[in-house]
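Reader: I would like a close look at a single part of this model, one strand and what surrounds it. Please go slowly and then move outward to the rest of the chain.

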Amino acid sequence: MHALNREPFVETVAAVSKISATDVTKVYSTKKSQFVALDRVSFHVDAHEFVSFVGPSGCGKSSLLRIVAGLETMTTGSMSISGHEIDGPGADRGMVFQSYTLFPWLSVRENIEFGLTLKGVPLFEKRAISDHFMELVGLHKFARSLPKELSGGMKQRVAIARALANNPEVLLMDEPFGALDPQTKNSMQELLLRIWEKEKTTVVFITHDIEEAIFLSQRVYVMQAHPGTIRKEIVIPPGLRAVEDVKDSESFMKLKKQIISLIGHHEE
Ligand SMILES: Nc1ncnc2c1ncn2[C@@H]1O[C@H](COP(=O)(O)OP(=O)(O)OP(=O)(O)O)[C@@H](O)[C@H]1O
């Protein structure tokens, strides 16, 4: 089913876990040693939820997301999407990475249409989909531009549009705004929230930026390193973002302090 003819959002569906992970352990083995990157990590992400994982460098955030994406295998444990065990990458998961991953020889439109072209989606449908997503990320005037003509923020907007154009069940984001300047980062966060509210996408977001995690998410899993485990699950109050200058508000600061103290001296 495609994004443009998606069925109306039904509130009751939100009760079903979209991703479910139980006791996921990841051990990286070399000839000489073994390194436990993730130790019995369990979590869930409900349909249409925005969930972040925050933690210090090396706590296994990227490893965890790569396992969800099917790009990495877990050593033990289980993980499923919509009840199906993950056994490799799939079109049900779209990814946006920190490093820009656009095809440099393709225009903005062609980049967004890339997955649809591979799937053999008819031209008129492809155009309608890329028009929709270029409009959504505010890049309709740059349809013919090449990635080298775009700023970092614009490139990430194309990457988000490209991922969403394939109508994934889950959008996986690994520090997508980590390389952007603070102002661009803020406007990308606002944009992502608008997209999430409109498209009802399930988002799993990795960051080491605590403020970013609180601002964007409905729930935050706080991780710690050596070995990588989930320290605590924090539920963000639903009305938090409605507060004016939310990042300076008392409740925001309180959450930030709580997460900093959970991460402890590992906080960056
Ligand atoms: N392919 C690999 N082989 C061996 N060790 C690895 C491999 N990939 C990751 N690691 C180790 O596993 C641990 C977790 O790495 P991971 O990249 O998942 O953490 P992270 O929390 O995403 O870190 P960062 O925020 O710095 O990106 C690190 O100590 C890392 O060195």
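Author: What follows begins with strand 7 and then moves to other parts of the chain. The model is predicted.

Strand 7 covers residues 170–174. Five of its five residues are buried, so the strand is largely enclosed by the rest of the structure. The cut-off behind that statement is a count: a residue is buried if 20 or more other C-beta atoms lie within 10 Å of its own. In a regular strand the side chains alternate between the two faces of the sheet. Here Val-170, Leu-172 and Asp-174 point one way, while Leu-171 and Met-173 point the other way. Both sets are buried.

Next come the neighbours of the strand. Strand 6, residues 93–96, pairs with strand 7 in the parallel sense, and four bridges join the two. In this pairing Gly-94 stands opposite Leu-171. Strand 7 also runs parallel to strand 8, residues 202–207, and five bridges connect them. Leu-172 has Val-204 of strand 8 as its bridge partner. To get from strand 7 to strand 8, the chain passes through helix 5, residues 182–199, in a right-handed β-α-β crossover.

The loop between strand 7 and helix 5 holds Glu-175. Its phi is near 45°, which is positive although the residue is not a glycine. Glu-175 has 19 C-beta neighbours inside 10 Å, and therefore counts as partly exposed; 20 or more would make a residue buried.

Further along, helix 5 contains Lys-198. Lys-198 counts as exposed because it has 9 C-beta neighbours inside 10 Å, and the limit for exposed is 12 or fewer. Lys-198 lies 9.3 Å from Leu-136, C-alpha to C-alpha, with their positions 62 residues apart in sequence.

Before strand 7 in the chain there is helix 4, residues 152–165. Its 14 residues should span 20 Å at 1.5 Å a residue, and the end C-alpha atoms are 20 Å apart, so the expected and computed values agree. Helix 4 is mostly covered, with twelve of its 14 residues buried. Among the buried ones are Met-154, Val-158, Ile-160 and Leu-164, but also Lys-155, Arg-157 and Arg-162.

A separate group of strands can be described next. Four strands form an open sheet in the order 2-1-4-5, with antiparallel pairing. Strand 2 and strand 5 are the edges, each pairing on one side only. Strand 5 consists of residues 84–85. It is joined by two bridges to strand 4, residues 76–81, and the two run antiparallel. Ser-80 stands opposite Glu-85 in that pairing.

Strand 1, residues 17–29, contains Asp-23. Asp-23 is another residue other than glycine with a positive phi, about 50°. It is partly exposed because 14 other C-beta atoms lie within 10 Å.

The model also has a ligand with 13 residues around it. Those that come nearest are Tyr-28, Ala-37, Ser-57, Ser-62 and Ser-63. Strand 2, residues 34–46, and helix 1, residues 61–69, each supply at least two residues of this shell. Helix 1 gives the largest share, three residues. By type, the shell divides into four nonpolar, eight polar and one charged.

Within helix 1, Lys-61, Leu-64, Leu-65, Arg-66, Ile-67 and Val-68 are buried. Gly-70 follows the helix and has a positive phi, near 80°.

Towards the end of this account there is a cis peptide bond, from His-226 to Pro-227, with omega near -5°. Pro-227 lies in the loop between strand 9, residues 219–224, and strand 10, residues 229–235.

Finally, the record. An unreviewed UniProt entry lists residues 19–246 as "domain: ABC transporter". In the model that span is 32% helix and 29% strand, and its end C-alpha atoms lie 29 Å apart.

Methods:
Residues numbered from 1 in each chain as written. Predicted model: local features only at pLDDT ≥ 70, side-chain atom pairs only at ≥ 80, totals over all residues. Pairing = 2+ DSSP bridges. Right-handed = clockwise from strand over helix to strand, strands pointing away. UniProt positions renumbered as here; feature names shortened; annotations may be inferred. Near = placed C-beta within 6 Å. Nonpolar A, V, L, I, M, F, W, Y, C, P; charged D, E, K, R; others polar. Expected span 1.5 Å × (residues − 1).
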